[in-house]
Amino acid sequence: VHTIGKHRVHRYGRCGDRQMPPKPINNAAKLIATYKFFFSFENTFQTGYVTEKLFWVLSLPVLPVYYGTTAAPNITTTPSYIRATDFH
């Protein structure tokens, strides 16, 4: 089994080992923009329920990996995120 390791996957917040920069939110956006992917996971799973966890990251130059409702609204003309539930 190949593991990615802490040097390749950075976890921020209460569940991670790194801290987000202090507010305003623009500081976090600058940091996130340095990555290729952003894991955006909802706390609640309900049909059609989507929070800022998806919408906010769509404004950044990263590719969101979204884990939430499978019925997220079609808000762009092209696929704009990876839906984690499409994979085993």
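Biologist: Let's begin with Tyr67. In which strand is Tyr67 found?

Modeller: Tyr67 is found in strand 2. Please keep in mind that this is a predicted model.

Biologist: Good to know. Why is Tyr67 counted as buried, partly exposed or exposed, whichever it is?

Modeller: The relative accessibility of Tyr67 is 37%. Buried would need a value under 20%, and exposed a value over 50%. Tyr67 therefore counts as partly exposed, because 37% falls in between.

Biologist: And what is Tyr67 in contact with, leaving aside neighbours within four places in sequence?

Modeller: Its contacts are Ser40, Phe41, Glu42, Phe45, Ala84 and Thr85, each with heavy atoms within 4.5 Å. Take Thr85: its C-alpha lies 6.4 Å from that of Tyr67, although the two are 18 residues apart in sequence. Phe41 has another role, as the bridge partner of Tyr67.

Biologist: How do you know that strand 1 and strand 2 pair?

Modeller: Pairing takes at least two bridges between two strands. Strand 1 and strand 2, residues 63-67, are joined by five bridges and run parallel, so they pass that test. Besides Phe41 with Tyr67, Phe37 has Leu63 as its bridge partner in strand 2.

Biologist: What about strand 2 and strand 3: how many bridges do they have?

Modeller: Two bridges, again in the parallel sense. The requirement is at least two, so strand 2 and strand 3 count as paired. In strand 3, Arg83 is the bridge partner of Tyr66.

Biologist: What makes strand 1 and strand 3 edge strands?

Modeller: The sheet is open, with three strands in the order 1-2-3 and parallel pairing. Strand 1 (37-41) and strand 3 (82-83) each pair on one side only, and that makes them its edge strands.

Biologist: Where do the strands sit in the pattern of the whole chain?

Modeller: Along the sequence the pattern reads α-β-α-β-β, from two helices and three strands. In the segment before helix 1 you will find Pro24.

Biologist: How do you know whether the peptide bond from Lys23 to Pro24 is cis or trans?

Modeller: Its omega is near 20°, and the bond is cis.

Biologist: Now the largest pocket. How much space lies in it?

Modeller: About 1400 Å³. Its lining has 31 residues, and those closest to the centre are His10, Arg11, Tyr12, Phe38 and Phe39.

Biologist: Which elements supply at least two residues of that lining?

Modeller: Helix 1 (25-32), strand 1 and helix 2 (52-55) each do so. Strand 1 gives the largest share, with five residues.

Biologist: What is the make-up of the lining by class?

Modeller: There are 19 nonpolar, five polar and seven charged residues. Tyr and Phe count as nonpolar and Arg as charged, so among the residues closest to the centre, Phe38 and Phe39 are nonpolar whereas Arg11 is charged.

Biologist: Finally, what share of the 88 residues in the chain is buried?

Modeller: Buried residues make up 20% of the chain. Its accessible surface comes to about 7000 Å², and 58% of that belongs to carbon and sulfur atoms. Among contacts between residues at least 6 apart in sequence, 32% join residues at least 24 apart.

Terms used: Residues are numbered from 1 along each chain as its sequence is written. This is a predicted model: local features need pLDDT of at least 70, side-chain atom pairs count only at pLDDT 80 or more; totals for chains, interfaces and linings use all residues. Side-chain values use heavy atoms; hydrogens and water are left out. Helices (H or I, at least four residues) and strands (E, at least two) are DSSP runs, numbered from the N terminus. Buried means under 20% relative accessible area, exposed over 50%, partly exposed in between (1.4 Å probe, protein chains only). Accessible areas come from the Shrake-Rupley method with a 1.4 Å probe; for residues, only the protein chains shown count as cover. On a 1 Å grid over the protein atoms alone, a cavity is a set of points where a 1.4 Å probe fits but cannot get out, and a pocket is an open set with protein on both sides within 12 Å along at least five of seven lines; lining residues have an atom within 4 Å of a point. Grid points are joined across faces, edges and corners, and a volume is the space filled by probe spheres set on the points.
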